[in-house]
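This report describes the fold and the side-chain contacts of one protein chain. The reader is invited to view the structure alongside the text.

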Amino acid sequence: IGRRSNGTFYARCDWDDCGRVVDLKATDFWEASAEAKKLGFKLAKDAEGKWINFCTEFCKTCYFAPQVTIKKKK
């Protein structure tokens with residue numbers, strides 16, 4: 001959840017492959033957080049303990065899933 005210089009709030013999905021942004025009608029951070037949750041945003045902490053947001057459970061799962069390496073035999 002972020003705040004623009006004009007005072008409006010937005011929620012952005014922190015998974016780089018998504019990047020969905022939703023404008024919020026809230027007037028303070030706590031209202032923005034509640035509104036984002038009502039819109040389906042999922043909160044989680046990353047490995048460093050920093051709060052991050054995801055617009056769906058799919059984005060949250062993909063963010064935390066380890067990368068897959070495919071090896072081909074020659």
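The sections below treat the overall form, the strand pairing, the salt bridges and the aromatic pairs in turn.

## Overall architecture

The model is a predicted one. Its secondary structure consists of 2 helices and 5 strands, and the order of these elements from the N terminus is β-β-β-α-β-β-α. The radius of gyration is 15 Å, well over the 11 Å given by the globule rule for 74 residues, so the protein is more spread out than a compact globule. Along the principal axes, the C-alpha atoms occupy a box of roughly 60 × 20 × 20 Å.

Of the 74 residues, 28% are buried. The accessible surface amounts to about 5900 Å², and carbon and sulfur atoms contribute 52% of this area. Among contacts with a separation of 6 or more, 26% join residues 24 or more positions apart.

## The β4–β5 hairpin

Strand β4 spans residues 42–45 and strand β5 spans residues 51–54. The two strands run antiparallel and are joined by 4 bridges. Within this pairing, Leu43 has Asn53 in β5 as its bridge partner.

Together, β4 and β5 form a hairpin in which 5 residues lie between the strands. The turn contains Gly49, whose phi is positive, at about 85°.

## Salt bridges

Side chains of opposite charge can pair when their charged atoms come close. In this model, the count of salt bridges is 2.

One of them joins the side chains of Asp23 and Arg4, with an N to O distance of 2.7 Å. Asp23 belongs to strand β3 (residues 21–24), whereas Arg4 lies in the loop between β1 (2–3) and β2 (9–12); the pair therefore ties together parts that are 19 residues apart in sequence. Asp23 has a relative accessibility of 53% and counts as exposed, while Arg4 is partly exposed at 32%.

Another salt bridge is formed by Arg12 and Asp14, whose closest N and O atoms are 3.2 Å apart. Arg12 is partly exposed, with a relative accessible area of 38%. Asp14, by contrast, has a relative accessible area of 17% and is therefore buried, the limit being under 20%.

## Aromatic pairs

The number of aromatic pairs comes to 5. In one of these, the ring centres of Trp15 and Phe58 are 5.9 Å apart and the planes meet at 80°, so the arrangement is edge-to-face. This pair links distant parts of the chain, since Trp15 is in the loop between β2 and β3 and Phe58 is in helix α2 (residues 57–64), 43 residues apart. The two partners also differ in accessibility: Trp15 is buried at 17%, and Phe58 is exposed at 56%.

Phe54 and Tyr63 form a tilted aromatic pair, with 5.1 Å from centre to centre and 55° between the planes. Phe54 is buried, with a relative accessibility of 0%, whereas Tyr63 is partly exposed at 33%. Ring pairs link these two residues and Phe64 into a cluster.

## Summary of the contacts

Two of the contacts described above connect separate parts of the chain. The salt bridge of Asp23 with Arg4 spans 19 residues in sequence, and the aromatic pair of Trp15 with Phe58 spans 43 residues. In the hairpin, β4 and β5 pair in antiparallel fashion.

Note on methods
Residues numbered from 1 in each chain as written. Predicted model: local features only at pLDDT ≥ 70, side-chain atom pairs only at ≥ 80, totals over all residues. Heavy atoms only, no water. Pairing = 2+ DSSP bridges. Salt bridge = Lys/Arg side-chain N within 4 Å of Asp/Glu carboxyl O. Buried < 20%, exposed > 50% of the residue type's maximum accessible area, 1.4 Å probe, protein only. Phe/Tyr/Trp six-rings, centres within 6.5 Å; stacked < 30°, edge-to-face > 60°. Rg over C-alpha atoms; globule rule 2.2 N^0.38 Å. Contact = heavy atoms within 4.5 Å. Areas by Shrake-Rupley, 256 points an atom, 1.4 Å probe, with all protein chains shown as cover.
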